[in-house]
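Here is a quick tour of a protein model, written for someone who likes to poke at contacts and pockets. Have the viewer open and follow along.

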Amino acid sequence: MKFWQRAQNAGFKIPELPTESRERTFPDTNCVILDGKLVASLIADQCKELGKGRKQPKLAAILAGEDPASQVYVGSKGKSFANVGFASETILIPSSEASSDKLIETIEKLNADVSVSGILLQLPLPNKMDEAAITARIKREKDVDGFLAANMGLLAIGNFKDTFLACTPFGVMVLLAAYGINPAGKNMVVVGRSNIVGKPMALLGISADSTVTVAHSRTKNLPEICRNADILIAAVGKRALITKEFVKPGSVVIDVGIHRDENGKISGDVAADVRYIASALTPVPGGVGPLTIAMLTMNTALAAWN
Ligand code: NAD
């Protein structure tokens, strides 16, 4: 498995799931629950185990501004690091002090700090700053989000030994592998073409020998294209857009979307009726979300160890 090469070099293994977990289905369906939370916890266990006697990985998260969702994300990342015995620190920059110069100066300091293995610049940035230009200042070897052009480029040319894979699509690949779903020769349709999910997902699909189609907001006949998928990845950001009319019976469906309603209930891009025709599906919550954090933890370990 090419995407796993760097992890394997550091001693990580694709998590093995007990048979009863692999066969667990949504109630009243034959649709297997792709339990991202479980796979994430097994990755976390490996981080803890492999960390014994090795350099302690450390994440430095830069949180500029007061966006409440960003505060929650950075907080939960910190907790996950603490759970596996890794260090993390958050550098808070209030929006009144957040300028491009200030952020670049902070990044340069962290680039030079040998105790920091990985740097995370939490987006969105306040004050209409140029996010791409500022992110680009992170040292490639500390880009544990895998957002830099250099790391995306290594992925594109198939250098899996040196790149950092973007955490969400990396998590999707691990989930498929843990459930024994081999993308080789399958039709993979990725709905969404963002730099952080859709594009790296499509590149990972190609590297795993899938025949990949990327659909987006200007795609015509979306349901018909999605029905061609053996593996359908929804990374659209539109609540319940993908209904059963978009899904080929027996296909595998991965729901990347995260939406919170006014009561705080979380749901995804995939409608509830899809579970009656898909052979396997990620729940939301408990699917791709926890894996994204687990892969950030693993990427920070890889930055520290190899
Ligand atoms: P984005 O807004 O950057 O990209 C959305 C993509 O969907 C775009 O490429 C756009 O072309 C496409 N799109 C929009 N409307 C469409 C339509 N009607 N038909 C077809 N394509 C359409 O979003 P993103 O950052 O890629 O995130 C996508 C979703 O995934 C969001 O809900 C986000 O919250 C979620 N997300 C989850 C995780 C996680 O850890 N689970 C991580 C990142 C993003």
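What follows is a walk through the domains, the cores, a pocket, a helix and two threonines.

## Model and domains

First things first: this is a predicted model. The domain assignment splits out two pieces, with domain 1 covering 54–142 and domain 2 covering 165–289. Measure from one C-alpha centre to the other and you get 28 Å between domain 1 and domain 2.

## The cores

The largest nonpolar core has 60 residues, and the members that touch the most others are F3, W4, F12, I254 and M298. Which helix gives the most to this core? That's α11 (residues 288–305), which puts in 10 residues. Both domains take part too: domain 1 (54–142) and domain 2 (165–289) each provide at least three residues.

F12 is a good one to click on. Ignoring residues up to four places away in sequence, F12 touches W4, A7, I43, Q46, C47, L50, M298, A301, L302 and W305. There's also a second core, separate from the big one, with 19 residues, including C31, A215, V274 and A278.

## The second largest pocket

If you're after a pocket, the second largest one holds about 310 Å³ of space. Its lining is made up of L123, E131, A132, T135, A136, F147, L148, A149, M152, N195 and I196. Sorted by class, that lining comes to 8 nonpolar, 2 polar and 1 charged residues.

Two helices, α6 (131–135) and α7 (149–156), each supply at least two residues of this lining. The top contributor is α6, with 3 residues.

## Helix α9

How much of helix α9 (residues 198–207) is covered? Most of it: 7 of its 10 residues are buried. The buried set is G198, P200, M201, A202, L204, G205 and S207.

Those buried residues of α9 have plenty of partners, packing against α7, α8 (167–178), β5 (187–191), β6 (211–215) and β7 (231–234). After α9 comes D209, with a positive phi near 70°.

## Two buried threonines

T282 sits in the loop between β11 (280–281) and α11. Is T282 buried or exposed? T282 has a relative accessible area of 2%, so it counts as buried, the cut-off being under 20%. Leaving out residues up to four places away in sequence, T282 touches F26, L34, L175, V253, I254, D255, G287 and V288. For a sense of scale, T282 and R6 are 276 residues apart along the chain, and their C-alpha atoms are separated by 25 Å.

T163 is also a loop residue, placed between α7 and α8. Its relative accessibility is 3%, so T163 is buried as well. Setting aside neighbours within four places in sequence, T163 is in contact with R6, R140, N151, L154 and L155. The C-alpha atoms of T163 and I266 are separated by 32 Å, with their positions 103 residues apart along the chain.

Technical notes: Residues numbered from 1 in each chain as written. Predicted model: local features only at pLDDT ≥ 70, side-chain atom pairs only at ≥ 80, totals over all residues. Heavy atoms only, no water. Core = buried A, V, L, I, M, F, W, Y, C linked by side-chain atoms within 4.5 Å. Buried < 20%, exposed > 50% of the residue type's maximum accessible area, 1.4 Å probe, protein only. Helix = DSSP H or I, 4+ residues; strand = E, 2+ residues; numbered from the N terminus. Domains from an automatic or database assignment. Contact = heavy atoms within 4.5 Å. 1 Å grid on protein atoms, 1.4 Å probe; cavity = no way out; pocket = protein on both sides within 12 Å on 5 of 7 lines; lining within 4 Å. Points joined across faces, edges and corners; volume = space filled by probe spheres on them. Nonpolar A, V, L, I, M, F, W, Y, C, P; charged D, E, K, R; others polar.
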